[in-house]
Amino acid sequence: MTLHNRYPAIADLKARARRRIPHFVWEYLDSATGDEATLARNRAALDAVLLRPSILHGEFTPDLSVTVMGRTYPLPFGIAPVGMSGLVWPDAECLLARTAATAGIPYGLSTVATRTPEDVAPHLGDDGWFQIYPPRDPDIRADMLRRARAAGFGTLVLTVDVPVASRRERQTRGGLTNPPRLTPRLAAQAARCPAWLAGIRRTGMPRMRLIDSYADAATALPSTAHAGYLLRTSPDWDYLRQIRDAWDGALVVKGVLDPDDAAPLQQAGVDAIWISNHAGRQFAAAPATASVVPAMRAATDLPLIVDSGIAGGLDILRMIALGADFVMLGRAFHYGLAALGEPGAAHVIDILRADLIANMGQLGTHRLSDVPGRLIR
Ligand SMILES: Cc1cc2nc3c(=O)[nH]c(=O)nc-3n(C[C@H](O)[C@H](O)[C@H](O)COP(=O)(O)O)c2cc1C
């Protein structure tokens, strides 16, 4: 029985993942903010995107490659940065970096991951994307960028949709603290998930190790320094310009939903715009990302990356049809890991590839660049 027979869709991995990780971890991974309506909105907007099949195209030889920011990828998607990834599945950051390297797709490491850029470096292919939440202290910012660069991360992702912490009520009810502590209630949940617990015993209780490295270091910070203090700068356009000056690689701004921001971002020298509503985790009244892509496409010729709610290869085609160049997925890869360990993350890639091929066959398009022509307007 192959993995494709047992888990033909990402939904199958999601169902198995839910059984294999403690409830408070599930609530962290799966929740959004407020009434969580953004999750449903993302799904509804994708479902509303219809594509016109095309017939009699003869032998089908699909080419799934795309070129974005001067790089050609064999597949049009990558792994989005997920904070505390190693809480969801032990050592997730290294496992995902390795999976991405094998497939030749980008891996995004979060500022608030449980592994540092140096930890991940040996597993990273030649396309690491380092995601930065703006540190308050310019010296810490400079040091983070230097470390990311030295560890092999060539693309910098500045996330701008977390100007303040969001409420994430379901996550709070779940009982997750920072750093995570196994209270008796959470320990009882963990005891029912032996594979997860054994992994955590091996790796140690997950913490934000990059942040810790500054909180612990003899910096000029007050002794009360903690993740909140270190990162709670709300970036502005000046901050973006400083980041642009400080980073000589590709720079992507993540969490853009207003097409009016496209021109100023282009003027500020960014290399790509990442349309995201953070999987509904920041703002319950945010528009669905699929609904933003066409206007953003009309507003700029910068590459457009998009995420939030991608559940399969057809959704990737829908985003490309709307005008996106590249798609990222966060939770899907964590469902894969939590369901099956490292092979599960690779299986997510296989599912997406198979979906892309099957649906491109229906569209009669051999290349992804032909997909927008099949959009039913
Ligand atoms: C548990 C979780 C943690 C996340 N942490 C971060 C983060 O640290 N930095 C960031 O830029 N985005 C973060 N995101 C957002 C993802 O990068 C991405 O935008 C989102 O997961 C895409 O939606 P999807 O999960 O439906 O694919 C997080 C998402 C989840 C689900």
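Two strands count as paired when DSSP finds at least two bridges between them. That is the yardstick for the sheet in this predicted model, and a good place to start is strand β5, residues 128–132. In β6, G128 has F153 as its bridge partner. The two strands, β5 and β6, run parallel and share 5 bridges. Getting from one to the other takes the chain through helix α8, residues 138–150, and the resulting β-α-β crossover is right-handed.

On another pairing, β5 meets strand β4 (residues 107–109), again in the parallel sense, this time over 3 bridges. Here G128 turns up once more, as the β5 bridge partner of Y107. So how well covered is β5? Mostly covered, with 5 of its 5 residues buried. Both faces take part: G128, F130 and I132 are buried on one side, and W129 and Q131 are buried on the other.

Moving along the sheet, β6 (residues 153–159) also pairs with β7, in parallel and over 5 bridges. One position to look at is T155, which sits opposite A250 in β7. Strand β7 spans residues 250–256 and has 6 of its 7 residues buried, so the rest of the structure largely encloses it. Next comes β8, residues 272–275, which runs parallel to β7 and is joined to it by 4 bridges. In that pair, V253 faces I273 of β8. The link between the two strands goes by way of helix α15 (residues 262–267), and β7, α15 and β8 together form a right-handed β-α-β unit.

Strand β8 leads straight into the packing. The largest nonpolar core holds 113 residues, and the ones touching the most other members are I273, I275 and V293. Helix α19, residues 342–363, is the top contributor to this core, giving 8 residues. As a general matter, nonpolar side chains in soluble globular proteins tend to be buried together. What does I275 touch, once neighbours within four places in sequence are left aside? The contacts of I275 are V256, L257, T289, V292, V293, M296, L304 and V306. V293 therefore appears both among the best-connected core members and in the contact list of I275.

Now for the ligand. It is surrounded by 23 residues, of which G83, S110, A279, G330 and R331 are the closest. By character, the shell splits into 10 nonpolar, 9 polar and 4 charged residues. Two helices, α3 (23–30) and α18 (331–340), each put at least two residues into that shell.

Helix α3 deserves a closer look. With 6 of its 8 residues buried, α3 is largely enclosed by the rest of the structure. The buried positions are F24, V25, W26, Y28, L29 and D30. The cover over them includes α2 (10–20), α5 (85–88), α9 (169–174), α10 (184–191) and α18. Helix α18 thus shows up in two roles, as part of the cover over α3 and as a supplier to the ligand shell.

A few backbone oddities are worth flagging. Most residues other than glycine have a negative phi, and most peptide bonds are trans. M84 is not a glycine, yet its phi is positive at about 55°. M84 lies in the loop between β3 (77–79) and α5. Is M84 buried or exposed? It is buried, because 22 C-beta neighbours fall inside 10 Å and the cut-off for buried is 20 or more. D91 is another non-glycine residue with a positive phi, near 70°. The home of D91 is the loop between α5 and α6 (92–103), and D91 also counts as buried, with 22 C-beta neighbours inside 10 Å. As for the peptide bond, the one from N178 to P179 is cis, with omega near -5°. P179 is placed in the loop between α9 and α10.

Last, a residue from the other end of the burial scale. T67 belongs to strand β1, residues 66–68. With 12 C-beta neighbours inside 10 Å, T67 counts as exposed, because the cut-off for that label is 12 or fewer. T67 also has a long-range partner in sequence terms: its C-alpha atom is 8.2 Å from that of D325, although the two residues are 258 apart along the chain.

Methods: Residues numbered from 1 in each chain as written. Predicted model: local features only at pLDDT ≥ 70, side-chain atom pairs only at ≥ 80, totals over all residues. Right-handed = clockwise from strand over helix to strand, strands pointing away. Core = buried A, V, L, I, M, F, W, Y, C linked by C-beta atoms within 7 Å. Contact = placed C-beta atoms within 7 Å. Near = placed C-beta within 6 Å. Nonpolar A, V, L, I, M, F, W, Y, C, P; charged D, E, K, R; others polar.
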